[in-house]
Amino acid sequence: MSHPLTRVLTLLELLQSNAGLTGPELADRLDTDARTVRRYIAHLRDLGIPVQAERGRYGGYQLARGYRLPPLVLTNDEALAVVLGLLAAERLGMGTTVLAAVGARAKIERVLPDALREPLTAMGETLSFTANAVIAQAPESGVLLALAQASRARTTVGINYRSWRQDQTERDIDPYGVVFHTGRWYLVGHDHLRDDLRTFRIDRVASVHPRTKTFTIPDGFDPVAHLTATLAHGPYRWQVEVTIHGPFDEIARRLPRSAVTLIAQPTGVLMQARAERLDGMAHMLASLEWPFTIHRPDELRSALRNLADQLAAAAERTPGELSR
């Protein structure tokens with residue numbers, strides 16, 4: 001390693017990646033001696049980077065927490081991982097704000113060496129996704145982090161919540177878990193106001209206030225399973241039941257579990273779902289390669305006949321016919 005400044009930056013990278021490395025271990029990684037390592041530590045402290053030293057047999061050097069974010073040193077692979085993660089987050093709608101993701105990418109790309117900047121720029125411009133981009137209302141980052149911390153600490157929180165009817169309420173919640181699903185962030189937990197298990201959209205939470213009370217999550221509770229089951233049985237117009245005569249595993253891979261409930265039966269798979277419009281359900285069933293039997297509603301049969309008529313008409317249509 002040629003230049004002392006290079007060693008100082010490498011030392012910073014080692015401290016960011018490994019907590020508690022001893023002086024001899026750092027000296028070995030830097031190909032120098034322990035005395036020089038102490039001098040490099042002093043250089044970092046002079047730059048305002050808080051490096052703590054813990055004495056003893058199991059002691060070592062580490063960056064202090066809670067001071068401020070120190071200069072970040074990334075390897076090429078780490079920079080690629082961060083940029084790809086930001087691109088995926090933008091596509092999936094996972095970011096708290098679009099500006100935050102764009103700003104983070106710009107800062108990383110601005111300091112990259114040319115040999116890495118060009119390939120990463122090309123990746124950002126050419127990367128395609130099979131899933132459509134999600135446009136969703138992002139939650140406030142402070143709210144999201146506060147709910148995640150309370151969920152991990154098993155601490156009750158008070159929230160100010162706005163319903164889809166624009167009603168404002170204040171309530172205490174035991175946050176069982178935070179779930180990201182199809183472009184939205186959700187909070188699943190026990191609502192003290194209703195004394196019931198409820199699901200809340202986090203982008204509708206205006207503020208979070210910590211409480212001193214703690215709670216225990218019921219044994220075996222799965223926030224993801226609860227959320228998907230709740231959304232699958234939402235307040236839709238039509239209740240649909242169809243038996244699909246095919247293998248359960250393959251059908252489960254084709255149908256969105258957030259929208260349907262699948263029950264294995266001797267004759268196939270019973271699909272239960274709610275739908276606001278039956279034409280969309282008809283399109284979904286028609287896209288499957290297995291035969292199916294409709295149990296309810298009868299109106300779904302009419303929707304399938306209408307779709308069949310549209311497809312039959314398209315099959316008979318000749319080039320230029322619509323333009324006449």
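Which residue's side chain meets that of R277 in a salt bridge? The partner is D279, with an N to O distance of 2.6 Å; a salt bridge here is a side-chain nitrogen of Lys or Arg within 4 Å of a carboxyl oxygen of Asp or Glu. This pair is a handy way into the structure, which is a predicted model: local features need pLDDT of at least 70, side-chain atom pairs count only at pLDDT 80 or more, and totals for chains, interfaces and linings use all residues. Residues are numbered from 1 along each chain as its sequence is written, and side-chain values use heavy atoms, with hydrogens and water left out.

The chain as a whole comes first. Its secondary structure comes to eleven helices and eleven strands, taken as DSSP runs numbered from the N terminus (helices H or I, at least four residues; strands E, at least two). Of the 324 residues, 34% are buried. Buried means under 20% relative accessible area, exposed means over 50%, and partly exposed lies in between (1.4 Å probe, protein chains only). The exposed area of the chain is about 20,200 Å², with 52% supplied by carbon and sulfur atoms; accessible areas come from the Shrake-Rupley method with a 1.4 Å probe, and for residues only the protein chains shown count as cover. Among contacts between residues at least 6 apart in sequence, 58% join residues at least 24 apart, where contact means heavy atoms within 4.5 Å.

One open sheet deserves a closer look. Its four strands follow the order β9-β10-β8-β11, with antiparallel pairing; two strands pair if DSSP finds at least two bridges between them. The edge strands, each pairing on one side only, are β9 (260-265) and β11 (292-296). On average, neighbouring strands of this sheet are turned by 20° against each other, direction ignored. Axes are lines fitted to C-alpha atoms, for helices over the stretch in contact, and angles run from 0 to 180 degrees between N-to-C directions.

Going through the sheet pair by pair, β9 and β10 (residues 268-275) are joined by six antiparallel bridges, and M271 in β10 is the bridge partner of L262. Seven bridges link β8 and β10, again in the antiparallel sense, with Q239 standing opposite R274 in β10. Between β8 and β11 the antiparallel pairing runs over four bridges, and V242 faces I294 of β11. Because six of its seven residues are buried, β8 is largely enclosed by the rest of the structure.

Two helices accompany these strands. Helix α10 (residues 278-286) packs on the sheet and touches β8 (238-244), β9, β10 and β11; its direction makes about 155° with that of β10. Helix α11 (residues 299-316) lies across β8 and β11, running at about 135° to β11.

Sheet and helices also meet in the largest nonpolar core. A nonpolar core is a set of buried Ala, Val, Leu, Ile, Met, Phe, Trp, Tyr and Cys residues joined through side-chain atoms within 4.5 Å. Of the 25 residues in this one, V240, L255, M271, M281 and L300 touch the most other members. At least two core residues come from each of β8, α9, β9, β10, α10 and α11, and α10 gives the largest share, five residues. Leaving aside residues up to four places away in sequence, L300 touches V240, V242, L278, M281, A282, L285 and I294. Apart from this core lies another, of 17 residues, among them L26, I41, I49 and V51.

Back to the charged pairs: a search of the whole structure finds eight salt bridges. In the opening pair, R277 is exposed at 58% relative accessible area, and D279 is partly exposed at 34%. R254 and E289 also meet, at 2.6 Å from N to O. Since R254 lies in helix α9 (residues 248-254) and E289 in the loop between α10 and β11, the pair ties together parts that are 35 residues apart in sequence. R254 is partly exposed, at 38% relative accessibility, while E289 is exposed at 52%.

The pair of D203 and R201, at 2.9 Å from N to O, has a buried setting: D203 has a relative accessible area of 13% and is buried, and R201 also counts as buried at 18%.
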